[in-house]
Amino acid sequence: LQDEDRGFDYFMFVRQWPGSFCSKHACPLVYNRGFHFTIHGLWPNYNDGTWPQFCNKDYDFDEDQIRDLLDELRSEWPTVYDSYEEFWDHEWSKHGTCALDVFPTEHSYFKNILKLHRRYDLAAALGQAGILPSTETVYRTKDVVNAIYNAYGVRPLVHCYDGELSEIWLCLDKKLRPFDCDASHERNDCQKVKIPPFGKTHHPEGQ
Ligand code: 5GP
Ligand code: 5GP
């Protein structure tokens with residue numbers, strides 16, 4: 001890890017299943033949308049498994065630059081905690097400032113991530129394979145990977161926490177074309193996952 005920019009090789013496009021966390025915590029900012037993943041971030045990576053971060057400390061996050069995107073960001077990129085702006089600021093500063101050769105402005109970074117999110121609908125891909133949130137069913141991680149493969153032709157990394165699905169990572173090249181992630185870059189190995197339904201209480205009404 002280094003706080004400098006020597007270019008990068010590809011992106012990790014990371015979405016989270018808020019149901020795992022939000023079935024146990026309040027998540028006041030996450031709309032209950034049924035089975036719907038939310039954005040975590042788009043992270044520049046090196047082929048060796050490391051990554052650059054905090055590449056331009058002078059390019060501060062500025063919410064005014066993304067006014068036109070805020071409605072969609074609140075809906076699609078909420079935090080499971082309590083401050084949208086802190087989460088977006090963190091993602092921009094840590095990862096976005098390392099991607100300036102692909103996205104020269106904060107606005108283009110956020111706008112393109114929203115576009116990618118619409119394009120690669122993870123819940124739709126899992127749903128087509130009969131993989132849906134359930135308090136009971138234990139899914140094989142392999143089947144989750146295959147569901148994404150069948151929908152989009154590439155193998156993602158599936159992350160879990162405490163036996164529950166936490167995130168799905170897609171690998172994208174610098175032209176934003178998906179490719180198979182290198183399974184050796186998997187950071188938390190889970191053979192089986194539950195996909196807990198989103199809690200019924202505490203959450204704002206779905207949009
Ligand atoms: P965790 O250890 O929870 O997977 O990751 C902690 C943080 O490290 C993430 O939120 C992300 O900012 C960063 N991180 C972890 N793995 C990767 C990776 O493969 N690529 C990049 N760019 N960042 C990562
Ligand atoms: P990595 O460092 O870039 O992505 O981002 C993880 C950081 O963002 C953590 O410090 C975490 O506290 C913060 N964060 C804020 N909201 C969320 C959220 O909804 N999900 C995750 N994974 N991290 C969040």
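This passage describes the surroundings of two ligands, ligand 1 and ligand 2, in a predicted model of a protein.

Ligand 2 is considered first. The space that ligand 2 takes up is the largest pocket, and two elements each give two or more residues to the shell around this ligand, namely the strand β2, which spans residues 38–45, and the helix α3, which spans residues 84–94. Of these contributions, that of α3 is the largest share of the shell, amounting to four residues. The shell around ligand 2 holds 13 residues, of which His40, Thr79, His90, Glu91 and His95 come nearest to the ligand. When the residues of this shell are sorted by class, five are nonpolar, five are polar and three are charged.

Several side chains place a polar atom beside ligand 2. In the case of threonine 79, an N or O atom of the side chain is 2.6 Å from a nitrogen atom of the ligand, and in the case of glutamine 16, an N or O atom of the side chain is 2.8 Å from a nitrogen atom of the ligand. Glutamate 91, by contrast, has a polar side-chain atom that lies 2.7 Å from an oxygen atom of ligand 2. Taken on its own, ligand 2 has 490 Å² of accessible area, and the protein covers 70% of this area. Threonine 79 and glutamate 91 are thus named twice in this description, since both are among the residues that come nearest to ligand 2, and each also has a side-chain atom for which a distance to the ligand is given.

The surroundings of ligand 1 can be described in a similar way. The residues around this ligand are His40, Trp43, Pro44, Asn45, Trp51, Lys94, His95, Trp169 and Arg187. Here the largest share of the shell comes from β2, which gives four residues. By class, the shell around ligand 1 divides into four nonpolar, three polar and two charged residues. His40 and His95 appear in this shell, and His40 and His95 are also among the residues that come nearest to ligand 2.

Polar side-chain atoms are likewise found beside ligand 1. Asparagine 45 has a polar side-chain atom that lies 2.6 Å from a nitrogen atom of the ligand, while in tryptophan 51 a polar side-chain atom lies 3.4 Å from a nitrogen atom of the ligand. For lysine 94, the polar side-chain atom lies 3.0 Å from an oxygen atom of ligand 1. On its own, ligand 1 has 490 Å² of accessible area, of which the protein covers 71%.

Methods: Residues numbered from 1 in each chain as written. Chains lettered and ligands numbered in written order. Predicted model: local features only at pLDDT ≥ 70, side-chain atom pairs only at ≥ 80, totals over all residues. Heavy atoms only, no water. Near = heavy atom within 4 Å. Polar contact = N/O pair within 3.5 Å; in protein donor to acceptor, adjacent residues only side chain to side chain. Areas by Shrake-Rupley, 256 points an atom, 1.4 Å probe, with all protein chains shown as cover. 1 Å grid on protein atoms, 1.4 Å probe; cavity = no way out; pocket = protein on both sides within 12 Å on 5 of 7 lines; lining within 4 Å. Sits in = over half its atoms within 2 Å of the grid points. Nonpolar A, V, L, I, M, F, W, Y, C, P; charged D, E, K, R; others polar.
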